[in-house]
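Here are some exercises to work through with the structure at your side. Try each task before you read its solution.

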Amino acid sequence: MKNIQFAVFNFATFISISAVNSQLIPFLNESGYTPAQKGWVLGFSALASLLFAAVIGWISDKTGKMKPMFIITTLLFMAAVFASFILTSDLWIKAICVILMFGIVKEVMSINETWVFQLKPKTFGKYHCFSAAGLVSGSLAAGFIYKQFNSIGLCILCLSASAISLLCGFFIKEKEAAEKGSISLASMKKLLMNKSYQRLLMILFLLMITGFADQFVVVDKLIALGGDRIAVSVKFAIQSLMEIPIYLFSAKLFKKFEPSRLLLVAALMTGVKFVAYGFCATPLWVLITAALQLFTHPIIVLTSKLLIQEVTPKQLAASAQIVGFAIYFGISGFLTPVIGAWLVERFDFNITCWIFACIAIIPTWMIIKMRKSKGNQPA
């Protein structure tokens, strides 16, 4: 029964996440925002996520509990979804609501992943398969529902899935989801000054820049090539579907390969994927290239959890994951849409994709250097 509960918890949570992620760009386009305005909305949502993460991580480690944070954050997300999709049509008010919604949805994802990882570290990959399945289902459902029922239908989908995940989360026992400890500014400062932690965050930050470019710049290119809302949903669904094999066989994968070696593969394939995106001339080829997600994002998700866990003390387990996630996910999420919009206006989509491919070279070099400096991978 507990296994089913965790499966439904992940599945429902990620349906709501993917519904927002997959339809946000088309929603902002149809709402009348210019590319520059859209970039700033997405960027400030990342800063909002960073602020939420700092508070959530500190409270989780201070209290030793993550359930209250998940419940509160999910309720805030549901309120922001309702406000963004239904409550207002004013562009400025809607922008504020979207900033909060897209900022909070990142924390819903972060808390879910961190909580499940702490409760089920050995079977995290298996349960994350249901997260990927939720992403596939949510992406496809959101595209069709939004096409038929506009934002009202999308809002109902998000609220319904969130309500189910909230119900499941309420009945999940805390156990030792986080180790209660004495958290101070000094301990947080010590964590942030940890060179191994800093190096990992920098690597993940650069990889997430390309990840967000895939989510924003590539989606805009797909639309520019003639792809509709359904094509956008299919892209997200394909990528989520390709993640399932990695999560399903993660235990065997980590027995055979070191986490840092797998992260190196993900960095290399990230560059390859963006080189290919630059050559795509039709929506079909964008969708085919999106399947390279198999070798990128799921590996980054799994290795990031393990490598961060290795270099941080137990009493900062939640903060290290949630704050780290906010730094490499939040700051990159702020910079990428702004930089991406500027690059597309100055050059074009193809050259922009190749620039992001070049960015992937930096974390690749850093991982190689990290492995050589230690002789063995750090986790």
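**Exercise 1. Find which residues of helix α3 are buried, and check the span of the helix.**

Step 1. Start with the terms. Helices here are DSSP runs of H or I with at least four residues, strands are DSSP runs of E with at least two, and both are numbered from the N terminus. Buried means under 20% relative accessible area, exposed means over 50%, and partly exposed lies in between, using a 1.4 Å probe and protein chains only.

Step 2. Go along α3 and list the buried residues: Lys 67, Met 69, Phe 70, Thr 73, Thr 74, Phe 77, Met 78, Ala 80, Val 81, Ala 83, Ser 84 and Phe 85. A general rule helps when you look at such a list: an α-helix has 3.6 residues a turn, so residues three or four places apart point the same way.

Step 3. Now check the span. The expected value is 1.5 Å times one less than the number of residues. For the 21 residues of α3 (residues 67–87) this gives 30 Å, and the end C-alpha atoms are 29 Å apart, which agrees.

A word on the model before you go on: it is predicted, so local features need pLDDT of at least 70 and side-chain atom pairs count only at pLDDT 80 or more, while totals for chains, interfaces and linings use all residues. Residues are numbered from 1 along each chain as its sequence is written, and side-chain values use heavy atoms, with hydrogens and water left out.

**Exercise 2. Describe the surroundings of Lys 67.**

Step 1. Place the residue: Lys 67 is part of helix α3. Its relative accessibility is 18%, so Lys 67 counts as buried.

Step 2. List its contacts, where contact means heavy atoms within 4.5 Å. Setting aside residues up to four places away in sequence, Lys 67 touches Trp 115, Gly 169, Phe 170, Ile 172 and Glu 174.

Step 3. Look for a polar contact, which is a pair of N or O atoms within 3.5 Å; within protein, one must be able to donate a hydrogen and the other to accept it, and residues adjacent in sequence count only if both atoms are side-chain atoms. A polar atom of the Lys 67 side chain lies 2.9 Å from the backbone oxygen of Phe 170.

Step 4. Turn to Gly 169, which sits in helix α5. Gly 169 is buried at 0% relative accessibility. Along the chain, Gly 169 and Lys 67 are 102 residues apart, yet their C-alpha atoms are separated by 6.9 Å. Beyond residues up to four places away in sequence, Gly 169 touches Phe 9, Lys 67 and Trp 115.

**Exercise 3. Compare the end-to-end distance of helix α5 with that of a straight helix.**

Step 1. Helix α5 (residues 124–171) has 48 residues, and a straight helix would reach 70 Å at 1.5 Å a residue. The end C-alpha atoms of α5 are only 19 Å apart.

Step 2. Look for a bend, the angle between axes fitted to the seven residues ending at a residue and the seven starting there. A kink of about 135 degrees in α5 is centred on Phe 149.

Step 3. Check Asn 150, also in α5. Its phi is near 60 degrees, a positive value in a residue other than glycine. For background, most residues other than glycine have a negative phi.

Step 4. See what Leu 157 of α5 meets. Leu 157 and Gly 138 are 19 residues apart in sequence and 8.5 Å apart in space, C-alpha to C-alpha. Outside its neighbours within four places in sequence, Leu 157 is in contact with Ile 15, Ala 19, Gly 138, Ala 141, Ala 142 and Ile 145.

**Exercise 4. Where does Thr 296 lie, and what does its side chain contact?**

Step 1. Thr 296 lies in the loop between α12 (283–290) and α13 (297–310). With a relative accessible area of 2%, Thr 296 is buried.

Step 2. The side chain of Thr 296 makes a polar contact of 3.3 Å with the side chain of Lys 273.

Step 3. Move on to α13: ten of its 14 residues are buried, so α13 is largely enclosed by the rest of the structure.
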